[in-house]
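Take a walk through this structure, from the overall fold down to single residues. Keep the viewer open as you read.

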Amino acid sequence: MARGISLYENQNGFMHKVDARAKLLWMFSSFALVLLFNNPIFVGSVYVVNIGLGIFSKISWRAIRNVLMSNLLLMILTIVLWPVYLQAGPVLFTVFGVVKVTQTALLYAIAVGFRLVTMVTTSTVFIMTTPIYKLIAAMQQLNMPSKMCLTASMMIRFIPVIRDEGMLIVEAQKSRGLDLESGNMVQKIRKYAPISIPLFLRSFSIAQKLALAMDSRAYGITPRPTPYITLVMDGKDKLFCLVWTCALITGILGRITGFGLVLPNML
């Protein structure tokens with residue numbers, strides 16, 4: 001598919017060959033595992049495994065680099081903000097003589113950071129290794145409502161479309177003399193008003209045209225639309241499901257017994 005239509009990369013990597021239903025199980029198991037633990041070692045292990053799956057799936061280095069940069073930003077923000085609100089454990093050092101950074105708060109902050117970047121990375125790898133028609137087929141074969149399937153499809157399709165629209169608006173406004181680089185943070189945020197307003201209007205216009213196109217094609221007449229393809233799992237897909245199911249069960253048992261937790265009473 002064209003880049004402006006989908007983020008999917010047509011490669012011959014490992015995750016490209018895995019059944020879409022197995023990848024849905026992998027994604028939700030990863031989300032559950034990072035929510036079950038709050039020890040940075042265990043949460044970070046899930047992140048390392050999933051970023052490794054993305055690299056092993058031959059995703060372009062540019063995409064991996066963008067993911068890593070966004071992950072780094074999320075990690076820094078989380079590590080900076082959480083110790084301000086959470087005070088537990090021995091004090092490691094004091095910032096500006098006011099904010100006391102404790103060992104437990106710092107470990108928990110790192111775990112929360114890994115939790116966020118794992119969700120972002122897992123979702124990105126899923127989208128970039130799964131064609132939209134296979135995702136819809138997987139959701140249909142799992143007996144999910146057709147409206148939910150359509151919503152998932154439109155959400156994934158709109159991400160690159162809105163991104164491209166935003167880039168076009170930025171270039172158009174820069175050609176008219178808009179300066180987005182100078183000034184402090186507040187001034188820069190205000191300068192994005194000439195971009196955000198046209199982007200919102202353009203988004204509403206695209207949504208309206210989509211609704212008219214669906215009505216003209218009588219969407220919703222049949223409760224269960226005919227599937228485009230039928231997915232079939234092989235031995236590799238079943239083994240993949242088994243591994244992540246065992247990991248999820250182990251994570252649930254670990255949470256119950258208090259294993260892999262920095263703060264037992266917190267998510």
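**From the cysteines to the whole chain**

Cys-246 is partly exposed, with a relative accessible area of 39%. This is a predicted model. The sulfur of Cys-246 has its closest cysteine sulfur in Cys-241, 11 Å away. Is that a bonding distance or too far for a bond? It is too far, because a disulfide needs the two sulfur atoms within 2.5 Å. The chain as a whole comes to zero disulfides. Cys-241 is accordingly in no disulfide, and the nearest cysteine sulfur to its own is that of Cys-246. Cys-241 is buried, at a relative accessible area of 13%. Cys-246, at 39%, is partly exposed.

Now step back to the chain. How many helices and strands does its secondary structure hold? There are 10 helices and two strands. Read from the N terminus, the order is α-α-α-α-β-β-α-α-α-α-α-α. Four helices thus precede the two strands, and the remaining elements after the strands are helices. Along the principal axes, the C-alpha atoms fill a box of roughly 65 × 60 × 35 Å.

Next come burial and surface. The chain has 267 residues, and 37% of them are buried. About 15700 Å² of the chain is exposed. Carbon and sulfur atoms supply 70% of that area. Consider the contacts with a sequence separation of 6 or more: 75% of them join residues 24 or more positions apart. The charges come next. The chain carries 25 positive and 10 negative charges. The mean positions of the two sets are 5 Å apart.

Glu-165 is one of the residues to select. It sits in helix α7, which spans residues 146-175. Is Glu-165 buried or exposed? Glu-165 is buried, because its relative accessible area of 17% is under the 20% limit. Which residues does Glu-165 touch, leaving aside neighbours within four places in sequence? They are Leu-199, Arg-202 and Ile-206. With Arg-202 there is also a polar contact: the side chains of Glu-165 and Arg-202 are joined at 3.3 Å. For a longer span, pick Ile-256. Glu-165 and Ile-256 are 91 residues apart along the chain, and their C-alpha atoms are separated by 47 Å.

Move to Thr-129. This residue lies in helix α5, residues 103-129. Its relative accessibility is 0%, so Thr-129 counts as buried. What surrounds Thr-129, beyond its neighbours within four places in sequence? Its contacts are Tyr-8, Met-15, His-16, Lys-23, Ser-57 and Ile-59.

Finish at Ser-60. Where is Ser-60 placed? It is in the loop between α3 (40-56) and α4 (61-85). Ser-60 has a relative accessibility of 26%, so Ser-60 counts as partly exposed. Gln-11 is 49 residues away from Ser-60 along the chain, yet the C-alpha atoms of the two are separated by 9.2 Å.

Note on methods: Residues are numbered from 1 along each chain as its sequence is written. This is a predicted model: local features need pLDDT of at least 70, side-chain atom pairs count only at pLDDT 80 or more; totals for chains, interfaces and linings use all residues. Side-chain values use heavy atoms; hydrogens and water are left out. Buried means under 20% relative accessible area, exposed over 50%, partly exposed in between (1.4 Å probe, protein chains only). A polar contact is a pair of N or O atoms within 3.5 Å; within protein, one must be able to donate a hydrogen and the other to accept it, and residues adjacent in sequence count only if both atoms are side-chain atoms. Contact means heavy atoms within 4.5 Å. Accessible areas come from the Shrake-Rupley method with a 1.4 Å probe; for residues, only the protein chains shown count as cover. Lys and Arg count as positive and Asp and Glu as negative; His and the chain ends are not counted. The place of a charge is taken as NZ of Lys, CZ of Arg, CG of Asp or CD of Glu.
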